Structure formats: C-alpha cells, structure tokens
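Hi,

Here is the structure I promised to pass on. Have a look at it first, and then read on for what turned up among its rings and its nonpolar cores.

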Amino acid sequence: MNALRGLAALAAILICSLGGEAAQAAVTCSVSVTSITKGYDPNDAGNTVATGSYTVSCTRLASDPNTFNWSLGANNGQHNSGAQNRVRLGTRYYSYELYRLTPYLNGNRWQDAASTRFAGTINFGTQLMASQSGAFDLVLPGPQTVRPAGTYTDIVTVTVRNAGTGAMLSQSTFNVSIITIASCTLASPPGNISLAYTSFQAAPAAASTTFGVNCTTGVPYTMSLDATSGTLVGLSYSLALSQSAATGSGASQTYSINGSIAGGQAGTCGTASCAASDIRTLTITY
C-alpha cells in the first residue's frame, strides 16, 4: 500500500510539472514592420524623417491570463558600423538612426537593449488573439558627404520578447531603401567684384571673387554667367569663370569669377569719382 501511494504521488508531481511548462509556453507572438522607402538629399542641413509602423500579434490559450506584456527590439541593421545604422550602395554608405520617441536623442533610439525597446501590454479580453501597433521614425541627419546617386539599402531585424522573462518569441525583418538623386548646390555664393579705375590708366584693373559648388559624386555639371561683359560709367568690363565644366566629387569645389577693365579708357564720369554696378547671374547646370 505504501508503494502504491508513492507511485501515485510521483505521478501527480510529474503531471503538475508538465502542466506548468505548457502554461508558460502557451502565449505566442509574431511581429510585422513596414518597410521604408525615402528620398534623401545629403546636402540638406536638417534631418530627413520617414515614419514606419509595427504590429505585434499574440495568441493565447483559453486558460491563459487575458493580458500579456511584450517588448520589441531592433538591431542596428545589416550594414551597421558598431551602434551606427547605415544604408549601403556598393562600398558607399549613408548613416541613419531609428527612434522610438522624439526628440531625436540617443536615449530615445530604437535598439535591442532592455531600455531601448518598445514595450506594451496586449489585452485579449475574451478573445484568444489580439494585436497592438505603434509607430517609429527613421532619421537621416544632414548634411552628409554626397555619394553617387542611387538606391542605398539596409535590412533591420526586429525581435519580440516576453517582457517579463526576456524570452525571445519571434523575429522578423524590414527593408530600408534610401533613394538619392543627382543634385548640385551652391555651397558658398560668389561675393561682389569691385573694380577701381582711373581714367586713361595704362594698366588694366582686375578683381575677382570665389564660389563653391557641391555636386553628387560623378555628376557632370557646367557653370555659366548670363553675360561676360558690360559697360558702367563709360568703361567696358569683362568677366570670366576660372572653369566652365567639372564633375562632382561629393565635396565643395571652389572656382572664381575674374573681372577686368582694359587700360586706356576715358569713361564718362564728370565728377571726382563715380560708382555704378551691374547684377550678373551665375547658373549651375547638371
């Protein structure tokens, strides 16, 4: 009789143990995240922001509690440099970050540490399946060094966990595509050209100003003035660009506009000194 009681007690212990393990594994969750495609001009001084969304979907048994606490982390992407997210085209990169919250501070990034994950509670009510959604921001800081135009990509892995135990429930990925187009900006505009001249002076008067152009790497471009000569107070002047065509390097390239008045001109100034000005237009074509 004592032996039978011992077997019955052992069986009861085993049944309770198995029942406990089944209850802990009853809730299952999956996650889906929208892929992000965004145009980007690396010359822009401010942030370029794209907003994405995620959905955590969970299933429970009827015997499970009707609430479940989850967390959702994101890694730093396939092309990361340490903790820095990057999109890649060939061997070229642009940096970006994922954020759970604004403002866009380091502590508000979306990563996969306990303090940088999304967290939430799914309320099933009387249902066996329920989901919860939210939004995140992808931020491309500006300006960045201009790379060749094209589509830069990355793949980010997200992991949904049991927030109470930290156990991984499932993983998924989403794509990041950043599209850059050929672009040119006037990195530094030209200043004024001041030409001082005395009637009938023998030597020409000369002066110049510089300007900077920043174009996407590999993009050919041309520079031109709306006019290369004119007349002010009876004095004929001329203008010339130091270079009229170039190829973008992704960094500012410096050029000059050179002005001159040939010697031996009388002019039409009838007083001790005279001043006059013209406005010229510089055009960058790419």
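Let me start with two residues worth finding in your viewer: Trp 110 and Phe 136 are both buried in this predicted model. Their ring centres lie 5.0 Å apart with the planes at 50°, so the pair counts as tilted. Trp 110 sits in the loop between strand E6 (92-99) and strand E7 (118-123), while Phe 136 belongs to strand E8 (residues 129-140), so this pair ties together parts 26 residues apart in sequence.

In the whole structure, the search gives 11 aromatic pairs. One of them is Tyr 54 with Trp 70, an edge-to-face pair at 6.1 Å centre to centre and 70° between the planes. Tyr 54 comes from strand E3 (residues 48-59) and Trp 70 from strand E4 (residues 67-74), 16 residues apart. Both Tyr 54 and Trp 70 are buried. Ring pairs join these four residues with Phe 118 and Phe 174 into a cluster.

There is also a charge over a ring: Arg 86 lies over the face of Tyr 93, 3.6 Å from the ring centre.

Now for the cores. The largest nonpolar core holds 34 residues, and Trp 70, Trp 110, Phe 136 and Leu 72 are among those with the most contacts inside it. Strands E1 (28-33), E9 (150-162) and E10 (168-180) are among the elements giving it two or more residues. Leu 72 touches Val 31, Tyr 54, Trp 110 and Phe 118, among others. A second, separate core has 16 residues, including Tyr 197, Cys 215, Leu 225 and Ile 261.

Best wishes

Note on methods
Residues numbered from 1 in each chain as written. Predicted model: local features only at pLDDT ≥ 70, side-chain atom pairs only at ≥ 80, totals over all residues. Heavy atoms only, no water. Phe/Tyr/Trp six-rings, centres within 6.5 Å; stacked < 30°, edge-to-face > 60°. Helix = DSSP H or I, 4+ residues; strand = E, 2+ residues; numbered from the N terminus. Buried < 20%, exposed > 50% of the residue type's maximum accessible area, 1.4 Å probe, protein only. Lys NZ or Arg CZ within 6 Å of the ring centre and 35° of its normal. Core = buried A, V, L, I, M, F, W, Y, C linked by side-chain atoms within 4.5 Å. Contact = heavy atoms within 4.5 Å. Lists of a residue's contacts leave out its neighbours within four places in sequence.
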